[in-house]
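Q: I would like to learn how to read a few features from a model of this kind. Could we take them one at a time?

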Amino acid sequence: MADENEQWSQRDYRHPAAGWGAAGSVLKILAKEGEWVDGPRAVFRMNHENGGFDCPGCAWPDDLKGLKLDICENGIKHVTWEMTHERAGKEFFAAHTVSELRTWSDRELEAQGRLVGPLAYDAASDRYVPVSWEDAFTLVGRHLRGLDSPDGAAFYTSGRLGNEASFLYQLMAREYGTNNLPDCSNMCHEASGRALTQALGTGKGTVDLKDWETADALFIMGVNAASNAPRMLTALAGAQRRGAKIVHVNPMVEAAARKTIVPHEFVDMALMKATPTGDLNLQVRPGGDMALMRGIAKVLLERAESDPKAVDPEFVERHTAGFEEYRALCADTPWEELERQSGLSRERILAAAEIYHRSRRTIVSWCLGITQHEHGVDTVREIVNVLLLRGNLGREGAGPSPVRGHSNVQGNRTCGIDHRPEPEFLDRLAQVCGIDPPREPGLDTVRVVRAMHRGEVKVFVGMGGNFAMAAPDLPYTAQGLRKCDLTVHVSTKLNRSHLEHGREALILPCLGRTERDVQHSGVQSSSVEDSMSMVHLSVGMKRPASPHLLSEPAIIAGMARAALPDSVVPWEDYVADYDRVRDTMARVLPGFEDFNRRVRLPLGFRIKQPARELVFLTPSGRAEFSCAELPDVVPAEEGVLVLQTMRSHDQWNTTVYSDDDRYRGVKNLRALVLMHAGDMRDRGIGEGDPVDIESVSRDGTRRRLEGYLALAYDLPRGSAAGYMPEMNVLIGAADHSTQSDQPLMKNVLVRITPAAAGRAAAPAG
């Protein structure tokens with residue numbers, strides 16, 4: 001917890017991203033955890049081939065050139081968080097009731113350290129008590145076998161699962177009889193997958209790291225790279241040095257958009273020599289990205305009337321469908337509307353279009369600032385439209401590049417974690433594994449929470465993550481979990497989801513990414529897939545935190561054996577040797593042929609993307625232009641602001657390491673809302689004043705946060721920003737995109753007013 005006597009502060013951050021600030025932060029982390037031996041060892045083993053382990057943080061691809069220090073501050077934070085010496089054992093749980101633990105902060109819960117053995121909730125004492133693994137699996141099996149329908153269970157996945165565990169998890173769920181496989185992609189990049197599939201016939205980006213190293217222009221949209229994908233800074237610095245142009249599109253000018261010192265570039269560190277990481281910053285209004293891209297397309301099409309090279313007519317003619325309709329749509333879109341919706345002047349849009357026009361090879365990369373809107377699918381398709389106009393697909397240095405924020409989220413989907421599986425995948429699964437998988441689509445994250453409330457989902461199993469804090473409408477999600485007959489969470493540390501439990505509940509502790517996984521055939525490796533479709537092995541280096549921990553494949557197999565006593569799947573063989581899992585995956589998953597050999601190559605292998613080869617698995621057999629109308633992203637009601645939720649720099653997903661946010665200049669404060677100074681003046685709000693924030697959900701219900709502190713920040717008029725997961729309470733169950741079903745975490749309509757007289761300001765922590 002932050003020291004309540006310590007004053008909060010906020011000031012402009014003008015230092016380079018990474019550099020000595022990151023180095024100092026790493027030293028503090030190692031000192032705090034006392035990891036002076038294993039910490040440095042982890043630094044030199046993380047993201048390395050030949051026995052290294054994959055960073056459990058972001059999904060940026062490995063770049064092992066030079067000194068092989070492909071690491072970052074946030075990755076080291078995550079690793080030391082996992083390697084802590086603290087333990088939450090039976091003595092801790094005997095001393096604290098669940099009711100008491102609910103009053104603790106999330107940071108206090110996680111600070112108790114690693115879980116050391118399976119636990120079951122005892123209602124009589126309101127405590128979690130130790131239970132044997134056999135009894136835990138028996139309880140899971142009893143509940144699953146007792147359901148009236150397999151669809152009464154839901155199997156959630158966070159991005160922490162390796163590919164082998166992901167494949168086994170979906171195999172268990174489908175042999176059991178349900179496609180209720182919600183995952184964190186439902187809340188993050190669902191819009192990207194749907195849009196890319198519609199436009200190109202593939203749900204993934206088409207570029208790799210080499211493309212980033214050869215592009216002439218990079219458009220970085222809705223990404224806070226310095227915190228969410230810090231290793232991208234190396235690519236941005238390299239692009240700047242070779243003369244590539246970099247355009248950042250974000251309502252807030254983040255640290256990564258200015259300059260950086262890459263820590264493993266020792267000469268620059270010694271000389272404190274910063275490299276610029278951006279040429280143009282476009283502060284769109286939240287949701288205004290689609291209008292910006294439409295404006296760039298309009299400029300190109302107008303120029304094409306006198307400059308044939310403004311658009312690539314040969315590419316458009318040979319490889320696309322719907323161009324004439326799109327050209328007419330752009331011509332009919334007035335500049336006044338483009339300026340209003342984007343929040344940018346015509347001159348700023350023209351500046352971006354000029355950079356794109358002059359570039360021979362362009363990559364457009366994006367993250368949640370694009371997807372977590374009502375029109376996220378349409379916006380991603382508009383990005384693809386702009387790429388298609390100049391043939392920026394199917395050649396080196398060009399293409400779409402969504403940035404996944406969590407290790408192996410993309411691999412989860414590749415390996416079958418999908419509530420809407422393709423029929424071809426189910427056919428192969430049935431043929432190879434001898435099961436009869438269900439064909440009806442299952443429930444995603446938003447619909448699982450609703451189904452729990454209706455009493456339709458009675459068993460919830462969560463593999464990693466902190467579902468109660470990651471989902472929108474925190475009280476509503478917690479109530480849904482408490483209505484379940486059984487909740488099961490596979491975790492490494494105590495978190496809020498364990499306390500919002502069903503009538504019966506289990507906490508099943510698993511090995512971490514950094515720990516050795518020893519099974520019958522010896523030390524095991526797991527594979528992961530990064531944001532650019534590279535698949536490689538990860539091997540833990542550290543002794544497990546407890547001898548009573550099981551690997552995720554072993555936990556999945558234990559549940560499967562208990563729930564499916566007549567299973568045709570050789571669960572014991574799979575757990576004994578993960579190579580056997582990979583042999584089966586090679587027969588089921590396209591692109592995984594000869595899996596065991598190829599994954600052991602240096603850096604592993606890349607899954608081929610047909611669209612990269614200009615093969616489009618769309619109804620037309622071509623890349624398809626989208627002709628969606630521009631949405632109106634300007635609030636109709638007077639005084640309403642569009643609030644976007646975000647992570648602080650000292651945070652990873654729902655895990656908050658401290659109340660500081662170095663890159664935004666904030667210290668000792670999370671209960672804040674960032675506002676434009678003009679919007680503060682209009683409401684009679686001074687710097688640091690306590691305010692009340694009220695949102696109105698699509699279903700008419702209201703949600704409220706009280707006593708947050710308002711701070712002036714450089715963002716567009718009419719917008720605001722604050723931290724998740726605390727601000728997830730403002731997002732109602734009805735507030736999700738009709739295009740992607742993603743919660744609208746970057747598009748929360750709020751009213752902000754001075755706090756009621758006499759109310760104390762929100763606490764720092």
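A: This is a predicted model. Start with helix H9, residues 190-200. Glu190 and Arg194 both belong to this helix and are four residues apart, about one turn of the helix. Their side chains meet in a salt bridge, 3.2 Å from N to O.

Q: Are Glu190 and Arg194 buried or exposed?
A: Buried means under 20% relative accessible area. Both Glu190 and Arg194 are buried.

Q: Which parts of the chain does the salt bridge between Glu374 and Arg698 link?
A: The side chains of Glu374 and Arg698 meet at 2.8 Å, N to O. This pair links distant parts of the chain, 324 residues apart. Glu374 is in the loop between helix H19 (368-371) and helix H20 (376-389), while Arg698 is in the loop between strand E30 (690-696) and strand E31 (702-712). Arg698 has a relative accessible area of 45% and is therefore partly exposed.

Q: How do I classify Glu694 and Arg702, which form a salt bridge?
A: The classes depend on two cut-offs: buried is under 20% relative accessible area and exposed is over 50%, with partly exposed in between. Glu694 has 22% relative accessibility, so Glu694 counts as partly exposed. Arg702 has a relative accessible area of 56%, so Arg702 is exposed. The closest N and O atoms of the pair are 3.1 Å apart.

Q: Which residues are joined into one network by salt bridges that share partners?
A: The network consists of Asp183, Glu190, Arg194, Arg413, Asp444, Arg447 and Asp741. Glu190 and Arg194 are thus the H9 pair again. Over the whole structure, a search finds 51 salt bridges.

Q: How should I read the side chains of a strand?
A: In a regular strand the side chains alternate between the two faces of the sheet. Strand E16 covers residues 459-463. From E16, Val459, Val461 and Met463 point one way, and Phe460 and Gly462 point the other way.

Q: Why is E16 described as largely enclosed by the rest of the structure?
A: Five of the five residues of E16 are buried, so the strand is largely enclosed by the rest of the structure. That holds for the residues pointing either way from E16.

Q: Which strands pair with E16, and in what sense?
A: Strand E7 (residues 153-157) pairs with E16 in the parallel sense over five bridges. Strand E17 (residues 486-491) also pairs with E16 in the parallel sense, over five bridges. Phe460 serves as a reference point: Phe460 is the bridge partner of Ala154, and Phe460 stands opposite Thr487 in E17.

Q: What do strands E21 and E22 form?
A: E21 and E22 form a hairpin with four residues between them. E21 (residues 526-529) and E22 (residues 534-538) run antiparallel and are joined by four bridges. Ser526 stands opposite Ser538 in E22. In the turn, Ser533 has a positive phi of about 70°.

Q: How many cavities of 30 Å³ or more are there?
A: The count is six. The second largest cavity has a volume of about 220 Å³.

Q: Which residues lie nearest the centre of the second largest cavity?
A: Gly512, Arg513, Asp517, Ser526 and Glu552 lie nearest the centre, out of 17 lining residues. The lining divides into four nonpolar, eight polar and five charged residues. Ser526, one of the residues nearest the centre, also stands opposite Ser538 in the hairpin pairing.

Note on methods: Residues numbered from 1 in each chain as written. Predicted model: local features only at pLDDT ≥ 70, side-chain atom pairs only at ≥ 80, totals over all residues. Heavy atoms only, no water. Pairing = 2+ DSSP bridges. Helix = DSSP H or I, 4+ residues; strand = E, 2+ residues; numbered from the N terminus. 1 Å grid on protein atoms, 1.4 Å probe; cavity = no way out; pocket = protein on both sides within 12 Å on 5 of 7 lines; lining within 4 Å. Points joined across faces, edges and corners; volume = space filled by probe spheres on them. Nonpolar A, V, L, I, M, F, W, Y, C, P; charged D, E, K, R; others polar. Buried < 20%, exposed > 50% of the residue type's maximum accessible area, 1.4 Å probe, protein only. Salt bridge = Lys/Arg side-chain N within 4 Å of Asp/Glu carboxyl O.
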